[in-house]
Amino acid sequence: MTEAGRMTQQLGSGQPSRRKTARALCFTRALTFAKMAELLRTPLVPPAVIRSASTGTLEVKEPLNFWCGGRVKPKDMKNTEPVYEPATGRVLCQMVPCGAEEVDKAIQSAQSAFLKWSKLAGMERARIMLEAARIIRERRDEIAELEVINNGKSITEAAVDIDVAWQCIEYYAGMAGTLAGQHVQLPGGSFAYTRREPLGVCVGIGAWNYPFQIAAWKSAPALACGNAMVFKPSPMTPVTVVMLAEIYAEAGVPEGLFNVVQGGAETGTLLCHHPLVAKVSFTGSVPTGKKIMEMSAKSVKPVTLELGGKSPLIIFKDSEMENAVKGALMANFLSQGEVCCNGTRVFVQREILPKFLEDVVKRTKAIQIGDPLLDGTRMGALISQPHLDRVLGFITQAKKEGAKVLCGGEPFVPTDPKLHGGYFMTPCVLDNCNDGMTCVKEEIFGPVMSVLPFDTEEEVLQRANNTTFGLAAGVFTRDVARAHRVVENLQAGTCFINNYNVSPVEVPFGGYKMSGFGRENGQVTIEYYSQLKTVVVEMGDVDSLF
Ligand SMILES: NC(=O)C1=CN([C@@H]2O[C@H](COP(=O)(O)OP(=O)(O)OC[C@H]3O[C@@H](n4cnc5c(N)ncnc54)[C@H](O)[C@@H]3O)[C@@H](O)[C@H]2O)C=CC1
């Protein structure tokens, strides 16, 4: 039995002291990903019970680039950037950006894999993708733990993110075998048919709030359609996406089909300008989205843009109060508020405002903040110190502009000494807000809910739509007709009725207005990763005018 196997048996034996020793042993030896994987993948370990990682211990040493079927060391150590563990403020690893030569290698690797992958039948691709989904499911806890360590969100949420990732791959695997064209009958026995063909090498550029999940949302439909992908995660969260690359490789995709290059704006720019790249799918801020669009326009590359939001959540007086309060919390505090589609402008009908505020504040104060790897934690750390400062700055500004802080909005120092350098804050509810305030107009991307009273449906619709964003919106009411009338008039890509932030992979997700265009998830996304070829077939003689 291997050492890992022995430790696993001890871990699985249910003896807490031994379990602790084994865990300590793992981390004093700075576990490699591969070893951790070996540990976690043996069936003796009940994954929900045993936590293999612990906050403040992990060092990531392996290379984080991936092309030609394996991890690749950076060419040189130029322009490195520290990557932090948000819960402790400790440096987790160094991110070394890829330069032109490395980007080219990754793209060439993708191109050669594309030539093989695109020739497979959809069902053949499906089989490999299903295997990738299975491996992710099996390694779910390990990936989720690393996501937590790199991103700061709670383990409960990270586990859901990883579940959504494999579900997405499973969903598009199911669709790969269904891709087909049309047959069109023409006069005289002639006919035409259409072929749905892949685009080629697609680039994915991700944000830091859902590192693994964003990579799955982009790669799953891309690969199902027969494309290859080069993915660049955010420089702040470089750690987990390379595991997705390893998993695809293990599942049996051709070498080089899914590649990872690390880096920031410069590396992203190289990707967007590369002549072999056929499409760019981007998740991030509006200013960067505009740059991506400009760069892609130069070589007429299609783009998908998943950008920011300042979404409205409208709560009518006939709502079921407890659900509305729970919905408002789900709309604001998932992932420390770092969610693009959050409903941060909470419009509440005036008659129920006092009761709503009382309940929402009570529940917000009860949110358990702390070590994100603990099962009981409901809110972890924000992504970085500058981002925390920025979010706190919005609250200072809101107070100056007349908003009233009902709870939270302060830096938070957990009792555990190892978390003292972490980027925590208390979730905040702002009252006395109006539509002109900065906190109501701008995306904060932190746990800050702005509550706004309203009187009539007509008024609230006009105010809800009075924004350049249009990612999501929500409405709580018991009146079915009102609910559908309101969503019909909301300018947003996703609308929720009597819930918020529910994003199953079967339904399209994407923005209106400056929140972007194109969609992720759902059947429609196939159209964004494929192109239609029309073939016209003459069965008679050519009828020439000349
Ligand atoms: N609509 C959606 O689905 C989502 C939108 N977001 C939005 O993302 C933002 C937060 O994420 P950040 O990572 O801070 O956004 P960001 O726009 O700064 O960066 C996003 C990605 O773009 C890369 N990048 C930056 N400049 C680039 C350039 N000139 N060329 C190519 N790539 C470049 C970054 O390295 C990163 O990988 C928020 O505004 C949020 O609303 C985040 C998650 C989901």
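**View 1. Arg 196 faces Leu 532 across a strand pair.** Let's start with a close look at Arg 196, which stands opposite Leu 532 in strand E20. Strands here are DSSP runs (E, at least two residues) and helices are runs of H or I (at least four residues), both numbered from the N terminus. Strand E6 (residues 191–198) runs antiparallel to E20, and 8 bridges join the two; two strands count as paired if DSSP finds at least two bridges between them. Widening the frame brings in an open sheet of 3 strands, ordered E5-E6-E20 with antiparallel pairing. At its edges are strand E5 (183–185) and strand E20 (530–537), each pairing on one side only. On average, neighbouring strands of this sheet are turned by 20 degrees against each other, direction ignored.

A word on the model: it is predicted, so local features need pLDDT of at least 70 and side-chain atom pairs count only at pLDDT 80 or more, while totals for chains, interfaces and linings use all residues. Residues are numbered from 1 along each chain as its sequence is written.

**View 2. Glu 306 sits in strand E11.** UniProt lists Glu 306 under "active site" in an unreviewed entry; its positions follow the numbering used here, feature names are shortened, and annotations may be inferred rather than shown by experiment. Glu 306 belongs to strand E11 (residues 303–306). Why does Glu 306 count as buried? It has 28 C-beta neighbours inside 10 Å, where the cut-offs are 20 or more other C-beta atoms within 10 Å for buried, 12 or fewer for exposed and partly exposed in between, with C-beta atoms placed from the backbone. Leaving aside residues up to four places away in sequence, Glu 306 touches Phe 282, Thr 283, Gly 510, Gly 511, Gly 516 and Glu 520; contact asks for C-beta atoms within 7 Å, again placed from the backbone.

**View 3. The two faces of E11, and its partner E10.** Thr 304 and Glu 306 point one way from E11, Val 303 and Leu 305 the other way, and all are buried. In a regular strand the side chains alternate between the two faces of the sheet. Strand E10 (residues 277–283) runs parallel to E11 and is joined to E11 by 4 bridges. Look for Ser 281, whose bridge partner in E11 is Thr 304.

**View 4. The shell around the ligand.** Of the 28 residues around the ligand, Gly 268, Gly 284, Glu 306, Gly 308 and Cys 340 come nearest; a residue qualifies as near if its C-beta atom, placed from the backbone, lies within 6 Å. Helix H10 (265–273) and helix H11 (286–298) are the elements that give two or more residues to this shell. H10 gives the most, with 4 residues.

**View 5. A mixed sheet with a helix lying across.** Here 7 strands form an open sheet with mixed pairing, in the order E14-E15-E16-E13-E12-E17-E18. Strand E14 (404–407) and strand E18 (494–497) are the edge strands, each pairing on one side only. From one strand to the next, the twist averages 25 degrees. Strand E17 (residues 472–476) and E18 pair in the parallel sense over 4 bridges, and Gly 474 has Phe 496 in E18 as its bridge partner. Helix H13 (residues 353–365) lies across strands including E12 (312–315) and E14, running at about 55 degrees to E14; axes are lines fitted to C-alpha atoms, for helices over the stretch in contact, and angles run from 0 to 180 degrees between N-to-C directions.

Terms used: Two residues are in contact if their C-beta atoms, placed from the backbone, lie within 7 Å.
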